[in-house]
Amino acid sequence: CTLLAALPRCDGEVAKQRSELGITPVTPRMMRQFFSLLVVLAVSSIVGGQVCPHDAGLWGQLKDTAVDVTKPVRRSMDATYNRLDDKKKFGVCAVVGFCASRFAVRTTIKTAKTAGAAYIAFEALEYAGILDEARTPENKALVKRARDYVLKSIDGFRHDIRSNLRPSKVHDRIQKGMKKDKSGTTGLGTGAFLGLVL
């Protein structure tokens with residue numbers, strides 16, 4: 001109910017009441033930040049709390065930080081979400097599913113573009129001979145350490161994606177979600193589908 005009250009309307013009387021109460025209208029930037037937070041919360045609830053040898057590097061640090069930072073926010077959001085009726089749960093989860101799938105698609109595309117551009121740039125530098133000057137023993141050791149750190153981070157991310165997106169695990173998660181919250185799970189799936197299709 002508070003989320004619906006925060007949404008901007010064109011009605012002049014409602015705008016007057018809001019200004020009297022000190023309620024600011026929701027801007028598109030605020031909505032993007034809110035849905036980014038929801039995506040972080042969703043990811044942290046899926047991969048949070050897992051400890052495995054693949055948690056070295058940046059990915060492991062991000063997981064630990066996300067779990068610590070989002071715990072109080074998740075508790076508060078759970079309490080608010082559980083008070084909603086089924087239609088509102090469906091709507092909230094549809095919006096979250098839509099935004100999360102759009103965010104995932106855009107992030108994947110941007111990551112692929114960045115990796116491709118970096119590869120082409122480094123190949124051009126190599127061809128021009130600029131990287132030959134940078135190959136000193138100190139730089140080789142630094143590059144080796146950086147490479148190991150990046151590979152550990154990528155391995156942790158790869159492992160979590162592989163273990164959490166296994167078809168059997170996704171099926172089990174959907175079944176548990178349907179038993180626990182049928183309207184929310186249906187809304188999340190519907191929103192994610194629409195986000196991928198549109």
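Colleague: Which residues form the nonpolar patch on the surface?
Modeller: Phe98, Phe193, Leu194, Leu196, Val197 and Leu198, with about 620 Å² of accessible area together (Shrake-Rupley, 1.4 Å probe, only the protein chains shown counting as cover for residues). Patch residues have over 30% relative accessible area and no salt bridge, with nonpolar side chains (Val, Leu, Ile, Met, Phe, Trp, Tyr) joined within 5 Å and like charges within 9 Å.
Modeller: It's a predicted model, so to speak for the filters: local features need pLDDT of at least 70, side-chain atom pairs 80 or more, while totals for chains, interfaces and linings use all residues. Numbering starts from 1 along each chain as its sequence is written, and side-chain values use heavy atoms, without hydrogens or water.

Colleague: Which helix gives the most to the patch?
Modeller: α9, with 4 residues; Leu194 lies in that helix. Helices are DSSP runs of H or I, at least four residues, numbered from the N terminus.

Colleague: At what angle do α5 and α9 pack?
Modeller: About 35°, axes 6 Å apart, for α5 (residues 86-128) and α9 (residues 182-197). Axes are lines fitted to C-alpha atoms over the stretch in contact, with angles from 0 to 180 degrees between N-to-C directions.

Colleague: New topic: how many salt bridges are there in the whole structure?
Modeller: 3, counting a Lys or Arg side-chain nitrogen within 4 Å of an Asp or Glu carboxyl oxygen. One joins Asp148 and Lys144, 3.5 Å from N to O. They're about one helical turn apart because they sit 4 residues apart in α7 (residues 137-164).

Technical notes
Helices (H or I, at least four residues) and strands (E, at least two) are DSSP runs, numbered from the N terminus.
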